[in-house]
Amino acid sequence: MPLVELSAVVAGYGGAPILNGVDISIEAHDIGVIVGPNGAGKSTTLKALFGLISVSEGQILYDGREITNSEPDRLVPIGLSFVPQEKNVFTSLTVQENLEMGAFIRRDDISETLGSVYDMFPPLKEKRRQPAGELSGGQRQMVAIGRALMSRPRLLLLDEPSAGLSPRYVMEIFEQVVKINASGVGILMVEQNARQALAFASKGFVLAAGRNRFSGTGRELLDDPEVAKSFLGG
Amino acid sequence: MNEFIFFVDKVLIAGAVLGSIYALSAIGVTLIFGILRFAHFAHGDMMTMGAFVAFILASLASAAGLHAGLPMGFLLLPFAMAITAGLALLIDKSFYAPLRARGAKPVTLLIASIGVTLMIQGLIRLFAGVQSRSFFETEPKTVYRIAVPFGGATRPIVITEPEVLMILATIVIVIALHLFLTRSRLGKAMRAMADNADLARVSGINTQLVVRVTWLIAGALACMGGTMLALDVSLKPDLAFNIVLPIFAAAIVGGLGQAYGAIAGGYLVGFAETLAVFNWSVLLQPLQRVLPASIQLPADLSIVPTEYKLTVAFVILIIVLLVRPTGIFKGAST
């Protein structure tokens with residue numbers, strides 16, 4: 001059974017729909033990467049999945065149960081977590097407080113999870129008492145991902161985690177995404193760095209104009225001359 | 001020396017009392033703005049309402065023959081705060097929450113809060129009448145006269161018991177609020193939501209709960225500020241409505257959404273007001289002895305006449321906004 005499955009999802013911001021029937025299916029061990037041109041509905045897909053915009057048609061199943069149009073405060077407790085592309089840290093809160101907020105829904109001891117996030121991103125441990133707003137872009141992204149991991153998700157949604165980062169940080173973030181996946185968390189991410197991301201994706205989805213254009217393993221999409229020509233810049 | 005004691009009485013003590021009242025109320029205004037993104041105009045009347053709740057409780061207690069060493073209005077304050085917090089929650093549920101559920105803009109909520117202002121004032125006038133009342137009708141107001149044994153002073157420093165109690169209580173409340181905001185899970189969630197409401201929602205923070213806690217705190221502190229004001233002067237239906245503008249000035253000066261800013265802004269405005277209406281001629285009187293007889297110091301050297309005290313808050317507001325548009329502590333600009 002897929003961990004999450006979107007079937008013929010139609011969604012938008014109230015006006016004309018942005019998604020016109022998107023199908024996506026991810027297993028618990030997958031890293032799914034959504035690529036496509038600007039305005040294709042990549043971020044919108046994640047937002048529809050996470051209940052941030054309303055789905056008018058189609059359905060979303062998570063672990064076999066229907067979660068279409070469920071609000072985040074219901075989704076986080078059942079194992080979904082979302083890292084938005086922008087404004088994804090609480091700038092006036094310290095790094096540690098940011099992480100604690102990710103664990104808001106938990107009432108048990110969070111110190112172990114906190115430790116594992118600090119192990120994953122050592123710079124954060126050093127700066128744990130600093131306001132997150134004072135950190136560099138790459139470190140902020142670490143805080144954002146760390147925050148999302150604090151609820152111990154089974155599915156992590158990442159909206160362009162490499163946006164605006166220097167190449168060094170892009171590599172580091174991607175390496176951590178692979179590690180997070182190896183620890184048993186399904187990943188669904190949107191990426192502009194399509195070639196780099198598809199290289200480690202077990203599933204790739206090319207969206208255009210709110211519809212699926214191609215799907216396959218990351219390798220298959222990279223090797224497909226038509227995908228390469230139209231969507232990966234030749 | 002007597003002149004200096006006059007200064008202590010009129011500026012330092014009066015400023016600390018006024019600043020405490022402004023700080024307590026501005027915290028509520030700034031928290032509501034941070035969480036719900038609208039200017040809660042009815043905050044002054046929530047304070048008056050809280051003072052009336054405290055007054056009713058104190059009257060009931062003294063009617064029942066209860067007496068204590070401290071002013072009844074102060075002793076029963078925790079109960080009055082709890083009741084006012086509940087009323088604040090009720091007001092939110094009845095008037096603001098339905099508007100929020102429909103996605104009303106902040107300006108709509110602001111106008112609704114003006115309606116709530118009129119409603120609370122009307123209800124108070126309807127049930128309690130329009131006259132001024134005093135918390136000290138059935139018990140004496142203790143006044144401390146602290147003799148200053150040096151400098152040849154003949155005047156004592158005068159401070160009333162409610163003033164002492166209220167300044168101390170404000171300090172306790174500010175420390176408690178600080179611990180709540182920095183140590184507790186809900187307090188941190190409150191700061192998180194004020195910082196970035198969308199991300200708070202995405203993180204799975206129960207935003208409804210945070211909103212409720214915000215109203216509870218704002219209501220309780222409004223009751224405290226209002227009761228303090230009523231203990232210091234007298235209780236009337238437009239008690240705190242008259243100071244809602246300096247309260248907003250304090251919140252904005254401190255940086256909207258910043259609880260610490262509201263405290264700083266409250267004391268800044270409070271002390272500035274007492275400094276501005278202080279008759280500086282009194283302090284300069286000793287100079288008269290060394291000055292030639294042809295130069296006479298004017299009898300009144302206050303910066304602003306008492307009637308124009310309210311303008312002081314706005315002068316500070318304008319200066320701060322010119323120099324630091326987001327307030328002393330960097331606040332929200334929207």
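Guide: Rings of Phe, Tyr and Trp count as a pair if their centres lie within 6.5 Å. In this predicted model, 12 aromatic pairs are found over all chains.

Visitor: Why are B:Phe7 and B:Phe278 called an edge-to-face pair?

Guide: Their centres are 5.2 Å apart, and the planes make an angle of 80 degrees. Edge-to-face requires centres within 6.5 Å and planes over 60 degrees apart, so the name fits B:Phe7 and B:Phe278.

Visitor: What makes this pair a tie between parts of chain B?

Guide: B:Phe7 belongs to helix H1 (residues 2–36), whereas B:Phe278 is in the loop between helix H11 (259–277) and helix H12 (280–288), so the pair ties together parts 271 residues apart in sequence.

Visitor: How do you know whether B:Phe7 is buried or exposed?

Guide: Buried means under 20% relative accessible area; B:Phe7 has 14%, so B:Phe7 counts as buried. Its partner B:Phe278 has 2%, and is therefore buried by that cut-off.

Visitor: Which cluster do these two rings belong to?

Guide: Ring pairs join B:Phe7 and B:Phe278 with B:Phe4, B:Phe6 and B:Trp280.

Visitor: What makes B:Phe41 and B:Phe241 an edge-to-face pair?

Guide: With 6.4 Å from centre to centre, B:Phe41 and B:Phe241 come within the 6.5 Å limit, and their 80 degrees between planes is over 60, so the pair is edge-to-face. B:Phe41 is in the loop between H1 and helix H2 (43–63) of chain B, and B:Phe241 is in the loop between helix H9 (207–232) and helix H10 (244–254), so this pair ties together parts 200 residues apart.

Visitor: Why is B:Phe41 called partly exposed?

Guide: Partly exposed lies between under 20% and over 50%; B:Phe41 has 22%, so the term applies. B:Phe241, at 31%, is partly exposed for that reason.

Visitor: How do you know that a charge sits over the ring of A:Phe104?

Guide: The charged end of B:Arg185 is 4.0 Å from the centre of that ring and sits over it; the distance limit is 6 Å. Likewise, the charged end of A:Arg168 sits over the ring of A:Tyr169, 4.7 Å from its centre.

Visitor: And why is B:Ile318 called exposed?

Guide: Exposed means over 50%, and B:Ile318 has a relative accessible area of 53%, so the label holds. B:Ile318 is in helix H13 (residues 309–323) of chain B. Together with B:Val315, B:Ile319, B:Leu322 and B:Val323, B:Ile318 makes a nonpolar surface patch of about 530 Å².

Note on methods: Residues numbered from 1 in each chain as written. Chains lettered and ligands numbered in written order. Predicted model: local features only at pLDDT ≥ 70, side-chain atom pairs only at ≥ 80, totals over all residues. Heavy atoms only, no water. Patch = residues over 30% accessible without salt bridge, like charges linked within 9 Å, V, L, I, M, F, W, Y side chains within 5 Å. Areas by Shrake-Rupley, 256 points an atom, 1.4 Å probe, with all protein chains shown as cover. Salt bridge = Lys/Arg side-chain N within 4 Å of Asp/Glu carboxyl O. Helix = DSSP H or I, 4+ residues; strand = E, 2+ residues; numbered from the N terminus. Buried < 20%, exposed > 50% of the residue type's maximum accessible area, 1.4 Å probe, protein only. Phe/Tyr/Trp six-rings, centres within 6.5 Å; stacked < 30°, edge-to-face > 60°. Lys NZ or Arg CZ within 6 Å of the ring centre and 35° of its normal.
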